[in-house]
Amino acid sequence: MQGTLALDDAFVAGRIVELLAWERTDAAVAAARLAETWSGAEEAFRASKSGRNLMDNAPELEEDIVFCARESVLEVVPRLVAMRDGAAEISL
């Protein structure tokens, strides 16, 4: 549901916070601490409502969790240019 906390999103935000060196808001600190709760992304994603829904309703897609849990697999990082009607415009 839009506007509510999603564990998988919060985990990813926490991992990003852990990797960036900037002043942290309380929300950033909370996300980083939440990310430390699990041994890794796959465990966090499986614990999330989205992960549980996937495993319960489409077990044939369970390998998607493994794929999505990969970290540091790209050699480029997109840069946010602007937000346009709720969508991110990025450049590489």
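The following exchange concerns aromatic pairs, a nonpolar core, a buried acid and two loop residues in a predicted model.

Q: What should be known about the numbering and the pLDDT limits?
A: Residues are numbered from 1 along each chain as its sequence is written, and side-chain values use heavy atoms, without hydrogens and water. As the model is predicted, local features need pLDDT of at least 70 and side-chain atom pairs count only at pLDDT 80 or more, while totals for chains, interfaces and linings use all residues.

Q: How many aromatic pairs does the structure hold?
A: The structure holds 2 aromatic pairs. Rings of Phe, Tyr and Trp (its six-membered ring) pair if their centres lie within 6.5 Å; planes under 30 degrees apart count as stacked, over 60 as edge-to-face and the rest as tilted. Phe11 and Trp38 form an edge-to-face pair, at 6.2 Å centre to centre with 70 degrees between the planes.

Q: Where do Phe11 and Trp38 lie in the chain?
A: Phe11 is in helix H1, and Trp38 is in the loop between helix H2 (26-35) and helix H3 (41-47), 27 residues apart. Helices (H or I, at least four residues) and strands (E, at least two) are DSSP runs, numbered from the N terminus.

Q: Why is the pair of Phe11 and Phe45 edge-to-face?
A: Their ring centres are 6.0 Å apart and their planes stand at 85 degrees, so the pair is edge-to-face. Phe11, Trp38 and Phe45 form one aromatic cluster.

Q: Which residues make up the largest nonpolar core?
A: That core has 8 residues: Phe11, Ala35, Trp38, Ala41, Ala44, Phe45, Ile65 and Ala69. A nonpolar core is a set of buried Ala, Val, Leu, Ile, Met, Phe, Trp, Tyr and Cys residues joined through side-chain atoms within 4.5 Å. Buried means under 20% relative accessible area, exposed over 50%, and partly exposed in between (1.4 Å probe, protein chains only). H3 gives the largest share of the core, 3 residues.

Q: Turning to Asp8, is it buried or exposed?
A: Asp8 is buried yet has no salt bridge (a side-chain nitrogen of Lys or Arg within 4 Å of a carboxyl oxygen of Asp or Glu). The nearest side chain of opposite charge, Arg52, is 9.1 Å away; Lys and Arg count as positive and Asp and Glu as negative, with His and the chain ends not counted.

Q: What is phi of Ser72, and what is phi of Asp85?
A: Phi of Ser72 is near 55 degrees, and phi of Asp85 is near 50 degrees. Ser72 is exposed, with a relative accessible area of 75%, and Asp85 is exposed at 86%.
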